[in-house]
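Open the model in your viewer and keep the sequence panel in sight. The tour below goes from one selection to the next.

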Amino acid sequence: MTGEKRRTVRDLRRTNRATLLRRLYFDGPLSRQELGPATGLSSASVSNVTSELLAEGLLEEAGLVDSDGGRPRTLLRVAPAAGTLIGVDVGETRVRVELFDLALTERARAEYPLREGGHAMAHVLRLIADGLTAVRAQAARAGVPGAAAPLGIGVGVPGIVEQDPERSGAVVHGQTVGWDAVPLEARLRTEAGLPARTPLFVSNGAKTLGQAEMWFGAGQGVRDAVVALIGSGVGSCVITDGSAYGTASRGAAEWGHTTVHLDGRRCRCGARGCLEAYIGASAVLERWRAAGGTPRGDEESGLADLVGSADPSAETVLAETARFLGAGIADLVNLFSPERIVLAGWAGLLLGSRILPAVRAAAEERALHHPAARTTIELGRLGPDAVTVGAASLPLTRFLDAGGRAPQSAPPPALGAPNARAR
């Protein structure tokens, strides 16, 4: 009985710490007086927990605010220097690794083109390991606190991610990049020499991008959304019943491999007529070349040429891309009835800057009127680095859920959707 009571008190304290940390992280800075009504905690609990977190360096004072006739109130916020987080984006053309402070401000970065080695697993693992070493060294040289021992590492990858305890964690099925049930988590721990106590999370890249845009970008303020990642490939993250501080149902949807043209263009997955075969960056450029266009350099340079071109062939390809993208979005509207659809990913942002009005018109023409009336279509706000930000938010979620205490083991976090304003 005594042991049960002791566990209950410990759990209550962890819950109180987590509740207060989340509120300060997403809505801070706030005073102690504001934290009571905002969290539902008693003034005594707020005082005890904030004192504890201040003593541990997880909170810091952030100035004073006048009160009604009394003494000024001290504002508190989560201390950005209280720890570091690492996000990894295994993209179509490169591996990007970024180290952030707790405010998710970038403090170090390393990028490696995939080039000759492509997505061969040994090659990708080596690049990630090199990136982890590089960003920690950069941050340490810059005097970033906690650089040598990050609170956790998140990795966004192409494909379907499953948890397989028998294979020591996340297993990735990436058909378009040749990954068949790859035990990426276990192999990365070995390749990078990561201690078992270091939280490591692997998730689909569209899913991590979705978390980033919901927390800090274009998804803020809504409960139901679809965040579309458009690069060389195409994916999406579906968020349903998101709440400010609770959990949300979310998942990676292989939207790019829905059929938009029976017996149409061949997709990288091997099927014909997939949406990706019409709106993915490589497919768009192939269609422009076939129409007489001459994109230069790599995919990013070539797509920039297309978007900036006034050539009739470019206009034709962009108009066709807008129609296919609009049709794909109409499917999302009809299936999920979201409040907002966010177009993100480097190619989505680049194309959207030119064809967003045409995409909206094409979607409106094809979607059912009732669900379409509640849906807005917006561009992502976090730029091409959104996947790494979202990947870093995976260990951040675990850290906040644990009340600021890094767990000894790290099962996958239940992704929340705090749509409050970012700091």
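How many Å separate the centres of domain 1 and domain 2, taken over C-alpha atoms? The separation is 32 Å. Keep in mind that this is a predicted model.

**Domains**

Colour the protein chain by its domain assignment: domain 1 covers 10–78, domain 2 covers 85–207 + 386–402, and domain 3 covers 218–381. Domain 2 is thus written as two stretches, 85–207 and 386–402. Now look at where domain 1 meets domain 2: eight residues from domain 1 and eight residues from domain 2 take part in the contact.

**The sheet of β1, β2 and β3**

Select residues 30–31, which are β1, and 59–65, which are β2. Add β3, residues 73–78. These three strands make an open sheet with antiparallel pairing, in the order β1-β3-β2. β1 and β2 are the edge strands; each has a single partner strand, so one side of each has no neighbour in the sheet.

Zoom in on the pairing of β1 with β3, which is antiparallel and spans two bridges. Show Leu30 and Leu76 as sticks: Leu30 stands opposite Leu76, a residue of β3.

Next select 43–55, helix α3. Helix α3 lies across β2 and β3, and its direction makes an angle of about 120° with β2.

**The β5–β6 hairpin**

Move to β5, residues 94–101, and β6, residues 106–113. The two strands run antiparallel and are joined by seven bridges. One pair to display is Phe100 and Glu106: Phe100 stands opposite Glu106 in β6. β5 and β6 form a hairpin, with four residues between the strands. In the turn, pick Leu104, whose phi is positive, at about 60°.

**The largest pocket**

How much space lies in the largest pocket? The pocket holds about 690 Å³. Its lining has 42 residues; select Gly91, Glu92, Pro158, Leu229 and Gly233 to find those closest to its centre.

To see which elements surround the pocket, highlight those that supply at least two lining residues each:

- strands β4 (84–90), β5 (94–101) and β9 (169–174)
- strands β12 (225–230), β13 (234–240) and β14 (249–253)
- helices α6 (205–216) and α13 (386–401)

β5, seen earlier in the hairpin, is one of these elements. Return to the domain colours: domain 2 and domain 3 each give at least three residues to the lining. Finally, colour the lining by class, which gives 16 nonpolar, 17 polar and nine charged residues.

Key
Residues numbered from 1 in each chain as written. Predicted model: local features only at pLDDT ≥ 70, side-chain atom pairs only at ≥ 80, totals over all residues. Heavy atoms only, no water. 1 Å grid on protein atoms, 1.4 Å probe; cavity = no way out; pocket = protein on both sides within 12 Å on 5 of 7 lines; lining within 4 Å. Points joined across faces, edges and corners; volume = space filled by probe spheres on them. Nonpolar A, V, L, I, M, F, W, Y, C, P; charged D, E, K, R; others polar. Domains from an automatic or database assignment. Pairing = 2+ DSSP bridges. Contact = heavy atoms within 4.5 Å. Axes fitted to C-alpha atoms, helices over the stretch in contact; angles between N-to-C directions.
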